[in-house]
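Let's take a walk through a protein chain together, one stop at a time. Have a good look at the model before we set off.

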Amino acid sequence: MEISELGEFGLIRRLAKTIQPTNAETIQGIGDDCAILNCPDGTDQLVTTDMLMEGIHFDLTYMPMHTLGYKSAQVNFSDVYAMGGMPRQITVSIAVSGRLSVEDLEQFYAGLALACQEHQVDIVGGDTTTSVTGLAISITCIGTVPHGQAIRRSTARPTDLICVSGDLGAAYMGLQLLEREKEVYYGQLRDLQERLRQAQSQEGHQQQQEHIAQQIRQLDFQPDFAGREYLLQRQMQPQARRDIILTLQQHHLRPTSMIDISDGLSSELLHICHLSHVGCRVYEERIPLDYQTAAMAEQLNLNVTTCALNGGEDYELLFTLPISDHEALRQIPSIHVIGHITQPELGAALITRDGNEFELKAQGWQPFADDWQD
């Protein structure tokens with residue numbers, strides 16, 4: 001069987017079906033944003049691990065090492081916040097190819113340290129080794145939550161409100177912008193290389209060859225990011241939503257379920273529905289969008305709702321709250337109600353702006369798919 005037939009979460013379920021925790025301290029194992037371990041001091045420990053691979057999760061053509069370190073830490077913190085906890089420590093393991101310098105790695109760790117400083121997290125260990133296939137990063141984050149208070153994906157209830165923080169789709173638009181400008185750069189480089197090959201195939205064109213070679217060495221490409229700075233920030237420097245967890249606590253609001261949005265709103269919401277055995281209704285007109293996201297989607301001839309539903313890497317929090325909390329939510333502008341949980345037999349659906357109803361499908365990023373569709 002090809003791994004792509006199962007997909008990421010199907011593979012996880014298949015590999016984990018024979019794994020049963022045997023230690024009394026293990027409250028929750030595989031299946032959520034974090035594992036939950038009971039601690040003697042009356043708190044529960046949250047543990048999560050993320051792996052980032054060059055060429056899959058990041059491209060060093062346009063991702064500075066400092067920014068990569070910062071983002072690598074933030075995406076781990078996000079998993080802990082998605083369980084209602086607070087990150088405390090991380091361990092960092094990296095596999096490094098020979099083309100990276102000591103200074104590159106210093107910049108990477110400086111970015112890690114900045115993110116940790118912002119979220120009051122300690123770097124407490126890790127491992128380093130060599131790689132022949134590019135840079136690989138594995139970070140384990142350890143957090144805490146009061147005993148029995150971890151928020152899971154599996155506890156949403158019919159009539160709950162579906163809420164999301166911030167806005168959606170901007171990170172995906174930022175990626176499209178970076179890839180577009182990268183292609184323009186490589187297009188210019190390919191043109192020069194082709195001119196050089198043509199000059200080399202002709203005798204008596206040594207001066208022309210040297211001139212083109214110099215153009216290649218001095219190629220100074222200036223990407224066009226004007227007016228799209230927010231999209232770049234959302235893609236390259238996501239912010240794990242510690243502020244949302246604190247805001248919910250301040251307003252005495254406790255989500256019935258929660259997950260962070262890494263693979264896309266549609267995929268994450270369907271995880272909640274599947275594990276909670278419920279259905280949902282999401283309203284297109286209520287999905288929060290930034291102006292730059294909508295403008296960039298129009299420029300690229302993309303459907304902005306599709307981008308918001310399926311783009312991923314927003315690292316916003318998606319959660320459900322009892323319907324009785326509706327009035328309290330009006331006081332929090334950074335949280336948006338986008339739908340409600342239903343009985344399971346009603347299925348999962350998107351209600352469009354013109355009132356049509358379509359089945360909600362998990363079309364976000366799938367790491368093992370042969371041909372990922374957005």
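In which helix does Ser-72 lie? The answer is α2, and that gives us a handy starting point. Keep in mind that what you're looking at is a predicted model. Now, is Ser-72 buried or exposed? Its relative accessibility is 0%, and anything under 20% counts as buried, so Ser-72 is buried. Setting aside residues up to four places away in sequence, its contacts are Leu-52, Phe-108, Ile-137 and Ile-139. The chain also brings some far-off stretches into the picture: Pro-238 is 166 residues away from Ser-72 along the sequence, yet their C-alpha atoms are separated by 9.5 Å.

Let's step back and take in the whole chain. There are 374 residues, and 47% of them count as buried. The chain has 11 helices and 13 strands. Look at contacts between residues at least 6 apart in sequence, and you'll find that 82% of them join residues at least 24 apart. As for the outside, the accessible surface comes to about 18800 Å², with 49% of that belonging to carbon and sulfur atoms.

Next, head inside. The largest nonpolar core has 61 residues, and the ones touching the most other members are Leu-68, Phe-77, Ile-90, Ile-137 and Phe-319. Which helix gives this core its largest share? It's α2 again, spanning residues 65-81, with seven residues. Take Leu-68 as an example: leaving out residues up to four places away in sequence, Leu-68 touches Phe-58, Leu-60, Met-63, Phe-108, Leu-135 and Ile-137. Two of those names, Phe-108 and Ile-137, also turned up among the contacts of Ser-72. Apart from the largest core lies another one, of 22 residues, including Leu-269, Ile-272, Cys-280 and Leu-318.

Now follow the chain to the part just ahead of α2. Glu-54 sits in the loop between β3 (43-53) and α2. Would you call Glu-54 buried or exposed? With 19% relative accessibility, Glu-54 counts as buried, because the cut-off is under 20%. Beyond its neighbours within four places in sequence, Glu-54 is in contact with Leu-60, Arg-99, Gly-134 and Leu-135.

Strand β3 itself holds Thr-48, which is buried with a relative accessible area of 4%. Thr-48 and Pro-87 are 39 residues apart in sequence, and the distance between their C-alpha atoms is 10.0 Å. For another pair like this, go to strand β4, where you'll find Ala-95. At 15% relative accessibility, Ala-95 counts as buried too. Its C-alpha is 5.0 Å from that of Thr-130, though the two residues are 35 apart in sequence. Not counting residues up to four places away in sequence, Ala-95 touches Thr-129, Thr-130, Ser-131, Gly-134, Leu-135 and Ala-136.

Time to look at some empty space. How much space lies in the second largest pocket? About 270 Å³. Its lining is made of 18 residues, and those nearest its centre are Gly-84, Ile-151, Ile-245, Gln-249 and Arg-254. The elements giving two or more residues to that lining are β4 (86-96), β6 (136-146) and α7 (242-250). Helix α7 makes the largest contribution, with four residues. Sort the lining by class and you get 10 nonpolar, six polar and two charged residues.

Let's stay with α7 for a moment. Its buried residues are Arg-242, Ile-244, Ile-245, Thr-247 and Leu-248. Here's a general rule to try out on that list: an α-helix has 3.6 residues a turn, so residues three or four places apart point the same way. After α7 comes His-252, which has a positive phi, near 55°.

Where else can you spot a positive phi? Thr-159 has one of about 80°, although it isn't a glycine. This residue is in the loop between β6 and β7 (161-165). At 47% relative accessibility, Thr-159 counts as partly exposed, because exposed would mean over 50%. Glu-313 isn't a glycine either, and its phi is positive at about 65°. You'll find Glu-313 in the loop between α10 (304-310) and β10 (317-321), and that's the last stop on our walk.

Conventions:
Residues are numbered from 1 along each chain as its sequence is written. This is a predicted model: local features need pLDDT of at least 70, side-chain atom pairs count only at pLDDT 80 or more; totals for chains, interfaces and linings use all residues. Side-chain values use heavy atoms; hydrogens and water are left out. On a 1 Å grid over the protein atoms alone, a cavity is a set of points where a 1.4 Å probe fits but cannot get out, and a pocket is an open set with protein on both sides within 12 Å along at least five of seven lines; lining residues have an atom within 4 Å of a point. Grid points are joined across faces, edges and corners, and a volume is the space filled by probe spheres set on the points. Ala, Val, Leu, Ile, Met, Phe, Trp, Tyr, Cys and Pro count as nonpolar, Asp, Glu, Lys and Arg as charged, and the others, Gly among them, as polar. Buried means under 20% relative accessible area, exposed over 50%, partly exposed in between (1.4 Å probe, protein chains only). Contact means heavy atoms within 4.5 Å. Accessible areas come from the Shrake-Rupley method with a 1.4 Å probe; for residues, only the protein chains shown count as cover. A nonpolar core is a set of buried Ala, Val, Leu, Ile, Met, Phe, Trp, Tyr and Cys residues joined through side-chain atoms within 4.5 Å.
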